[in-house]
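Colleague: Please take me through one part of this model in detail: the nonpolar core, and whatever helps me place it.

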Amino acid sequence: MATTSGNGAKLRIEDVSLSFGGLQALADINVQVKEGEILAIIGPNGAGKTCLLNCINGFYRPQEGKIIFGDRDVTKLPSHRIAELGIARTFQNIQLYTGLTTLDNLMAARHIHLKPNFLAGAIYFGPEHDKEIRHRRVVEDIIDFLEMEAIRKKIVGSLPYGQRKRVDLGRALALEPKLLLLDEPMAGMNVEEKEDMARFIIDIFEGQGETYPDTPILRDGVKSIVLIEHDMGVVMDIADRIVVLDFGQKIAEGTPKQIMADKAVIKAYLGEEE
Amino acid sequence: MSLATRLETADTLPKLLKYNYEKYGDTKVAMRVKQFGVWQAYTWKDFYDKTKYLSLGLMSLGLKPGDKVSILGDNKPEWYCAELAVQAAGAVATGIFTDCMSNEVRYYVEHSDSKFAIAHDQEQVDKFLTPYKDREGNEHPPLKDELKLLKKVIYWDPKGVWNYDDPILISFNKVVELGKEYEKKHPGAFETSIEKVNSDDVCILSYTSGTTGLPKGAMMKHGTMIQAAESLLTVERWEDDDQYVSFLPPAWIAEQAFGVGGSLLYGIEVNFPEAAETVLENIREIGARVLFWGPRNWESVNRMIQAKIIDTTRLNRLLYHMFLPVGYKYTDIQEARQKPSPLWRFMHFLAHWAVFRDLKDKVGLSNVRMAYTAAAPISPDVIRFFRAIGVNIKQLYGGTEQGLVTLHRGDDVRPETSGPVMPKVQVRLTDDGEVLIKGENLFCGYYKSPEATEEKLRGGWYHSGDFGHITEDGHLVVMDRMADLRELKGGRKFSPQYAEIRLRFSPYIKDVLTIGGGDKDYVTCVVNIDLDNVGRWAEARRIPYTTFTDLSQKPQVIELIKTDIIRINKTLPEWARIKKFANLHREFDADEAELTRTRKIKRNVVEERYKDLIDAMYGGASELSVEAPITYRDGRKGTITTALKINTVG
């Protein structure tokens, strides 16, 4: 379990500002992600949602402010270090090795847990072989959990969009993160696929207990999830708390009920009443 | 060890399990299931132990001889273990199809008086725990509250279920643990219980969806199940290293006979696919040698092959089209029971190595030694296709109540028939053409429904409700359900669909309507030619034509269609043969309400619209001048006049 700072927040985003030249993408954003919650970030197109995720996992470096994960300042860390610390994400425009199979994509994600040893690797049999099996076991549990048996050996580039999204989620899980960032996991999906995905997100959050006794990430679940999503129905159903961004500003924060009644949010989404 | 000795010591399914356990122990694989991407093997010892402790666990929960247990799940080793565990305790297992809704599950569990339900996963468990609506839309409380006899719901896949806290739930593994505890206090309980059950005890209740009324539970005895599998051995050779892939629903009698029976009697290795979507892939991995598919499975694999051929390289396509006729010719020679000449043997050898070998490998059929189809009408052409590429596919006829009735033997496979009657089985036809069956393979009655039993089992003959006839050399041809038949003037019955299904498989016939019944004393049909294929055929033979109407009335085209009808007529009894036909001058059209949008013929509309033509066919005219109203695509209306030839078949 990740260490959490004094006030119970697993991730603290403090006064973060990001601009590209004259464009202010994020302005003084303060958001906390607590242990044991699904936090949704919503907002109109161009509100800065994905920018915020990119700051958290180190793709962008904010000009001002701090991002603290557990009790460690990760603002200036490169993204691979942040991944190693336990923040994994999925992408709006899926980022996978399209020429590899589902299985290989997931195995590749295990690299941060591999401690390669050149000599042992050259010999392979023995400890390296065991290691491979151990990691494969985790990956197979994830395949079982996400019901990807039928596409295990399929080349990812040949899969339909909805399934690639699922592989992308599997890849993020294979990193065994403590904080999971999901960037529009349901975009472009039909109703049934959305329902499946929503179910998976809730199941990941809750953990699956004795179903996967040997894979801690599935057994215990990921207790902090940040979700960017446009489908309000889904957000209202599965999020514990919602943060609303508009033009790089945080305009509201609260429970789904509070957000639905919030005037500023309605204005941002529907325009001003005449 | 021969089968005979096996049967002397073991006259029930659980005794067979024990026999195999003692014979093979840990040295031979009984089942395999693909899990986590790897085929996990269960030896006979694993199979036996799991069954034993589950059975003891159920006993400790209160299962008594004669009780019923419902099993709902996909094909997994746990299904087989659950069934045998129940039977070992002297109780009766009843399978429920996994796609049943809560209200249907309620009917089966309630009607069978099930004390326990063994369910696969969350989907099945939820059917017992969540409120549901019946067909009329009435709200019901969860089944667990409605079914008073139900004591426990046992699940084997904990995914999504593990944190449910309903007291009626218990996991499969937990019951196995209870069984181990129980054995400490009651040593030998399992072995004693197995010995108490004998071949006259009922082992399964198999629900059949009657065409009338509610489903009925056919009771099967241990002896019957064993007899069914045993009679198969008298005509087929299964070996204990044969690989079988289990994916027919275990609630269905065919899986009981082939999977459970084959495994226990012959020791064939049963392989359970990973998921429904991976079945074909899994069959290929395993290299299945014994395969039982429904017609739809064969049809879809056939279509898959056709699609692959279209996508393949030119060379491959060329080879395929060059050698497929060789395959057909070779099977024709075999079917005619002639010896192929050395030339044909050589050609067939070439075809095998050039095309069929790889083709079969791609779809996982390389190792198939024996393939079966049954259950619904299958077009003979599908069978011919698979035989042409070298798959030994056979048709059989049987069912829950009647057991295995007919099966093709050796090389004597005829695509139109279901094969000759099995040994120790008697088949006879009523004057109406209903198939009646007698023999040891019959069920022993419907559960709690003596009236239905009496109605179907009269004088020891099971009235199948199937319409068929027996060819001169003893092959049974089952054509349709009696209820779907029409009656000719003389009182003889015929099946309109039977001929239609077969005629439609001709590439030259797009649609066909067979006519008869009522006041008519023979059968006729109206044919829609397939413009693309007949057009191409005509071009290749330099037969000039202008329009669809013109093409349809060309003497050569009429001959072409006649050849197809004559071929189908050969499979029909004398009175049901098509005597006359006409090629229609236009296509049946959904815009004209002659077809439904899914391209099924609206019989009444078409018969009404072409009444003149039909009258002419029965009136003895040789030609009919027709003027038909047509609606153009842009909505304008018009008429066309043309002379339709009425053709008499040989």
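Modeller: Here's the core, then the chain around it and a residue worth zooming in on. Residues are numbered from 1 along each chain as its sequence is written, while chains are lettered from A and ligands numbered from 1 in the order in which they are written. Keep in mind that this is a predicted model, where local features need pLDDT of at least 70 and side-chain atom pairs count only at pLDDT 80 or more, though totals for chains, interfaces and linings use all residues.

The largest nonpolar core has 175 residues. By nonpolar core I mean a set of buried Ala, Val, Leu, Ile, Met, Phe, Trp, Tyr and Cys residues joined through C-beta atoms within 7 Å. Buried means that 20 or more other C-beta atoms lie within 10 Å of a residue's own; 12 or fewer is exposed, in between is partly exposed, and C-beta atoms are placed from the backbone. The members touching the most others are B:Leu58, B:Ala85, B:Ala117, B:Val526, B:Val527 and B:Leu613. Domain 1 (3-197 + 236-281) and domain 2 (486-648) of chain B each contribute residues, so this core lies between them; the domain bounds come from an automatic or database assignment.

Start at B:Leu58. Beyond its neighbours within four places in sequence, B:Leu58 contacts B:Leu63, B:Ala85, B:Val86, B:Ala89, B:Phe116 and B:Val175, a contact being two C-beta atoms, placed from the backbone, within 7 Å.

Now the chain as a whole. Buried residues account for 44% of the 650 in chain B. Of the contacts in chain B between residues at least 6 apart in sequence, 64% link residues at least 24 apart. The radius of gyration of chain B is 28 Å, which agrees with the value near 26 Å for a compact globule of 650 residues (taken over C-alpha atoms; the globule rule is 2.2 Å times the number of residues to the power 0.38). The C-alpha trace of chain B spans about 90 × 60 × 50 Å along its principal axes.

Last, zoom in on B:Ile283, in helix H12 (residues 279-286) of chain B; helices (H or I, at least four residues) are DSSP runs, numbered from the N terminus. B:Ile283 counts as buried because it has 23 C-beta neighbours inside 10 Å. Leaving out residues up to four places away in sequence, B:Ile283 touches B:Val245, B:Ala288 and B:Gly364. Its C-alpha sits 8.6 Å from that of B:Asn271, 12 residues apart along the chain.

Key:
Helix = DSSP H or I, 4+ residues; strand = E, 2+ residues; numbered from the N terminus.
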